[in-house]
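Hi everyone, thanks for coming. Let's take a few minutes to look at one structure together, so please have it up on your screens.

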Amino acid sequence: MTEKTLNKKPNGMAALIVLAILYIAAIAGAIACSLHFEEGANNTGYIAGTIICVVYLIFGWILFGGLKVIKPQEALVLTLFGKYYGTLRGDGFYYVNPFCQSFNPAAKTKLGQSGDVTTEKPIASAAQGFSSNMKISLKVMTLSNAKQKINDCLGNPVEIGIAVTWRVVDTAKAVFNVDNYKEFLSLQCDTALRDIVRIYPYDVAPNVDTTGDGMADDGSLRGSSEVVVKRIRDKIQEKVADAGLEIIEARITYLAYAPEIAAAMLQRQQASAIIDARKMIVDGAVGMVEMALERLSEKHTVELDEERKAAMVSNLLVVLCGNKDAQPIVNSGSLY
């Protein structure tokens with residue numbers, strides 16, 4: 001199904017004036033015919049005129065159903081006896097076939113800015129075609145889906161949420177190709193997010209291929225957010241193309257380890273940070289010990305044998321690498 005735009009000029013005001021004049025004329029005609037009705041005379045013409053005026057007054061309101069008001073960035077999909085009639089685009093006051101009905105199965109579905117989709121089934125009625133709620137918004141909108149718990153490529157459960165910026169570009173596909181394009185978008189966002197997240201680790205991990213080229217890389221959910229959201233956006237666009245939707249942007253709004261492993265992962269990160277810090281301290285301490293020994297040897301301040309050098313190195317490493325301030329013991333006697 002491809003969108004067919006109705007290239008009509010906004011002539012609704014002219015149609016409204018004509019219909020109003022016809023209604024006034026029908027009222028005046030009915031009154032005039034009743035006043036000229038004479039008993040015993042040939043009143044066939046007056047009777048026929050009265051019947052025509054009364055019938056128009058009873059059923060003429062149907063013609064007003066062809067009046068449509070379209071605001072900026074709105075569209076109206078019209079069907080005529082079950083067939084796709086066309087789409088009204090562009091702001092203005094239009095007049096179309098009064099038997100056309102507006103159709104939008106997602107009219108009652110609301111997309112939350114900070115929650116999942118809340119759905120109320122649209123109520124079908126005989127007056128559905130005249131309801132202004134059947135209009136389709138062409139504005140840029142944001143879908144913020146609820147957080148999902150997904151296992152990353154290492155099997156660690158993570159919680160992640162995304163915000164997707166989107167809009168309708170083909171109203172016919174959005175209305176006729178899927179049952180409810182808003183619910184369809186929400187579900188496709190969930191599945192696309194799951195498909196992409198399971199490829200990446202939460203943090204950088206060795207021997208992990210996230211690009212599919214067979215080579216390990218440094219991709220991760222935390223460190224490669226721009227790449228991840230681009231792949232999520234492309235994946236969603238691929239899934240919703242048949243629904244006439246355009247995905248403008250996708251952004252990660254929440255990312256964390258699942259509560260059941262968050263404490264253990266925090267300890268792991270703390271341990272990794274402590275190891276890195278200790279390594280840096282040891283490297284610095286070894287350098288300082290080497291520098292001390294070289295300076296003592298150069299200036300011949302003290303002559304140390306191998307055993308005393310080992311003792312000095314041990315003492316310096318204890319002082320430099322310890323968590324607490326050193327408590328020196330002053331030896332007032334001989335070294336021997």
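Let's begin with Cys153. Its relative accessible area is 29%, and because partly exposed covers the range between 20% and 50%, Cys153 falls into that class. Keep in mind that this is a predicted model. Now find Cys189: is this cysteine buried or exposed? Its relative accessibility is 1%, so Cys189 counts as buried. And how many disulfides turn up in a search of the whole structure? The search finds zero.

Cys189 also leads us to a helix pair, since it is one of the residues that α4 brings to its contact with α5. Helix α4 covers residues 181-197 and helix α5 covers residues 225-240. Their axes lie 9 Å apart, at an angle of about 135°, and the two helices are therefore oblique to each other. The crossing of α4 past α5 is right-handed. On the α4 side the contact includes Phe184, Leu185 and Ile196, while α5 contributes, among others, Val228, Ile232 and Lys235. Sort the residues of this contact by type and you get ten nonpolar, two polar and four charged.

Hold on to Ile232, please, because it takes us to our last stop. Ala250 touches Ile232, and also Ala163, Val164, Val229 and Arg233, leaving aside residues up to four places away in sequence. Ala250 sits in strand β10, residues 245-257. With a relative accessible area of 6%, Ala250 is buried. Finally, look across to Leu143: it is 107 residues from Ala250 along the chain, yet their C-alpha atoms are separated by 9.4 Å.

Thanks for listening!

Note on methods:
Residues numbered from 1 in each chain as written. Predicted model: local features only at pLDDT ≥ 70, side-chain atom pairs only at ≥ 80, totals over all residues. Heavy atoms only, no water. Axes fitted to C-alpha atoms, helices over the stretch in contact; angles between N-to-C directions. Helix = DSSP H or I, 4+ residues; strand = E, 2+ residues; numbered from the N terminus. Parallel < 35°, antiparallel > 145°, perpendicular 65-115°, else oblique. Left-handed = near helix turned anticlockwise from the far one by under 90°. Contact = heavy atoms within 4.5 Å. Nonpolar A, V, L, I, M, F, W, Y, C, P; charged D, E, K, R; others polar. Disulfide = S-S within 2.5 Å. Buried < 20%, exposed > 50% of the residue type's maximum accessible area, 1.4 Å probe, protein only.
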